[in-house]
Amino acid sequence: MGRTIAQKIIESHLLSGEMKAGEEIGLKIDQTLTQDATGTMAYLEFESMGLKRVKTEKSVAYIDHNTLQTGFENADDHRFIRTAAKKYGVWFSRPGNGICHQVHLERFGVPGKTLIGSDSHTPTGGGLGMLAFGAGGMDVAAAMGGGAYYITMPKMMRVNLTGKLSPFVTAKDVALEILRLLSVKGGVGYIIEWGGEGVKTLGVPERATITNMGAELGATTSVFPSDEVTRAFLASQGREGDFVPLESDPDAVYDKTIEIDLGKLEPLVALPHSPDNIVKVREIEGKKVDQVCIGSCTNSSLADLLKVAAILRGNRVADGTDLSVSPGSERVLSELVRSGALADILSSGARLLECACGPCIGMGFAPGSGGVSLRTFNRNFEGRSGTKDAGVYLCSPETAAVSAIRGAVTDPRAFGKPIEVRLPERYGSDDGGIIPPAPEAEAEGLEAVKGPNIKPFPVGGKLPGSMSLKVSLKTGDNITTDHIMPAGAKILPYRSNIPHMSQFCFSAVDKDFPARAEEYGQSVVVGGVNYGQGSSREHAALVPLYLGVRAVIAKSFARIHAANLVNAGIIPFEFENPDDYDEISLSDEISLPDLSGIKTGGRVEATDMRTGKKFALRCTLTGRAREVLFAGGLLNYAKEQGAQGRG
C-alpha cells in the first residue's frame, strides 16, 4: 500500500511506536521555533531540564509578538531570549525582522523535514512540504535537547483541488471554504494533505495561507507536496539547494477525501466570533467598516501585499475607516520599497505597522468600542482584538483592501480589472535581522541574562491516589486559550511572571475565578466541547496550575491544550456520558476516590458530593503520557529520566 506525504515523512523520522491511527508515536524533530510570547518559558524549561546545547539541525528564536516596549518587561525578556539563544545554539531573529512563520518559510524551512514550534500556527511550514506541528513550550524544549516529539498517530484526510481560482478569489477563501465544510472541530485527529491538479496553480505563499489556517480546523497539521512551485520559491530565496521533491504515492489510502473545485469558489468572510462562521462576502456587502487590518502570519507575504498595493494605487482609504498594513518580514518590506509598492500603500492613507504579529494578538490597533474590524487574520475570538465588544470579521487581503477604499464590506470583484503582480525571481539577501548562535566552544562562558520580571514557573506535584476537588469554574463549548489566558498589550509583557498573569486567568469568562481558585486551594474546571482550542500557549495550563487547578473535566479537548495540561501535571478528563456535564454546578465538590484507573484503561469513577450522583470519566492517555502525568508533568518526568531525551 502506498504512502501519503505525511506517512512518508513520519516513517523517515519514526523513533518509537507504530504508524497505526490512534497509536502513540515518537518523532525525531529536525527544526524548532519559538516566539517571544512562549519562548521565555521554553528556554527556562530547557535550562531546568539540565540541557546545555540544542541537538536539532536548526532551532530559531523569534521576537514577533511582544514588540511594544512600554516598560522594561518586554525588553528584558527579549534580552533573555537573545542571550539564551546565543548560549544554547539557537538562531535569533531580532524584533522587527518579521513574523516567525513568514520568516521561517523564507529562510529556514526545508521540504520533508519535521518542525515543531511553540505557536499553534507552526503548520504554516506545510505549505513548503514540511511536517510542522504546533506544540507547547515544554515539548519544544525537550525536542531541542534531542528528545522525541510524541503525538497520537493521526488519520489521513485528502483535499483534492481542481480547476483554478477566479480573479479576486484567493487562498484565504480556500481556507475559509474548508472551515465552512468541516468547522473548527472537523480536522481533529487528522493530517490534511492538499493535492490534485489545482495545487499547481497555487504558489508557496498561497499554500502557506491554507496550511496556516488548518490550525483553526483542529487538525494535527496540514501539508502540500513539494514540487516545481516549491523549487521556484526556494530559488527566489537563494535556497534552491534545500529543495527536495515530495509527493504522495498514487495508491496512497486516505481515511477521508474532500473535493473542492477552485473555479466555483467566491470571496468568503468569517463573521464574529469564530473562524468557521462563514458566509459569502456579497451576503453582508454594504456593512460599514470602522477598521481594516492587513497582515498576520496568514496573509502578510509579498504576493499578498503587492496585490493590496495594486488595489490601493491611486485610491484613498475611506473617511471614517482606518487601515493598517503589517508586512510579514523585513524581506517583504524591503521588496515593497524596491518595487515602489510601499508608496502606493502609504499614499492611500494606510498606516504601516512593524513587521510583527501586532493587532492579530491584541498588541496595538484595537478597534473602537463596538467597532467593526475587517481583518486578514486567522482568528476572530471575542475580545482577542483588545476590544471585547468589537465585531471582528476575517477575509482575504483583496476583500480587505477594496472594503477599506469603500468604507464598507465589499465583494472585491466589484473592483473591476483583475490584479496581476510579478514576484521577484530573487529576493534581497540581507539577513541583518538574524543573529547566529555562538560556537559551542565559546558558549560555556556565556550567561542567559534574566530580568526581574522573570519569576519561577509552577511545577506540578506527583499525582496522588485520590482527590476531592471543588468546581472553581464551569464553562461552555469552544473555550479558547484566549479565554483561559488572554493575550494583548496589557498582559503579554508578564508572560514570564506567572503570579502576575494569574490575576487575568479566565477574566473574559468569570472575573472572580482567580480569587475563587485561590480560596479553594485545589480545584477542578468543568468545560464543554473542544476545550482549549486556539493558541498553543502553555500559559493556559501553567497559570491554572499555579492557581491550584489539578484537573479539567470536559466533553472534548483540543489536541495541543490537552498535551499542555498533561505536561503541566493537570489531568484532562472527558465525560464518558456528555450529559453528565449538565448535572454539575459551580462550587460542587467532585470526589475522585481512585485515580489508578488512569493507568488501567483510563476510566475513573467520580461522585458529585452535592447530589450524590456518580459518573464515569475517561483519561485515555498513552503509556508515556500517563508516566508524565503521574510524575507531575513533563519537567519532573524529564528530570526523573535524567534528561536523556525520553521526555
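Hi everyone, let's start with a pair of helices: α2, residues 36-48, packs against α3, residues 72-88, at an angle of about 45 degrees, with the axes 10 Å apart. That angle makes α2 oblique to α3, and the crossing of the two is left-handed. Before I go on, please keep in mind that this is a predicted model.

So who makes that contact? From α2 we have Asp-36, Gly-39, Thr-40, Tyr-43, Leu-44, Phe-46 and Glu-47, and from α3 come Asp-77, His-78, Phe-80, Ile-81, Ala-84 and Tyr-88. Sorted by character, the residues of the α2 and α3 contact are seven nonpolar, three polar and three charged.

Now a second helix pair, for those of you who like packing geometry. Helix α6 covers residues 171-182 and helix α7 covers residues 204-213; they pack at about 25 degrees, with their axes 8 Å apart. Why do we call α6 roughly parallel to α7? Because angles under 35 degrees count as roughly parallel, and this one is about 25 degrees. The crossing of α6 past α7 is right-handed.

On the α6 side, the residues in contact are Ala-171, Lys-172, Val-174, Ala-175, Leu-176 and Leu-179, and they meet Glu-206, Thr-209, Ile-210 and Met-213 of α7. Here the split is seven nonpolar, one polar and two charged.

Let's move on to the strands. How many strands close into the barrel? Seven do, and if you want to trace them on the screen, the order is β21-β22-β23-β24-β27-β26-β25, with mixed pairing. From one strand to the next, the twist averages 35 degrees. As a quick reminder, strands of a sheet pair through backbone hydrogen bonds, in either a parallel or an antiparallel way.

Let me zoom in on one pairing in that barrel. Strand β21, residues 467-474, runs parallel to strand β22, residues 523-526, and four bridges join them. One of the bridge partners to look for is Ser-523 in β22, which is matched with Lys-470.

Last topic: charges. Side chains of opposite charge can pair when their charged atoms come close. Across the whole structure, a search turns up 38 salt bridges. The one I picked for today joins the side chains of Arg-379 and Glu-216, at 2.8 Å from N to O. Arg-379 sits in the loop between β18 (372-375) and β19 (391-394), while Glu-216 is in the loop between α7 and β11 (221-223), so this pair ties together parts that are 163 residues apart in sequence.

That's my tour, thanks for listening!

How values were computed: Residues are numbered from 1 along each chain as its sequence is written. This is a predicted model: local features need pLDDT of at least 70, side-chain atom pairs count only at pLDDT 80 or more; totals for chains, interfaces and linings use all residues. Side-chain values use heavy atoms; hydrogens and water are left out. Axes are lines fitted to C-alpha atoms, for helices over the stretch in contact, and angles run from 0 to 180 degrees between N-to-C directions. A crossing is left-handed if the near helix is turned anticlockwise from the far one by less than a right angle, and right-handed if clockwise. Contact means heavy atoms within 4.5 Å. Ala, Val, Leu, Ile, Met, Phe, Trp, Tyr, Cys and Pro count as nonpolar, Asp, Glu, Lys and Arg as charged, and the others, Gly among them, as polar. Two strands pair if DSSP finds at least two bridges between them. A salt bridge is a side-chain nitrogen of Lys or Arg within 4 Å of a carboxyl oxygen of Asp or Glu. Angles under 35 degrees count as roughly parallel, over 145 as roughly antiparallel, 65 to 115 as roughly perpendicular and the rest as oblique.
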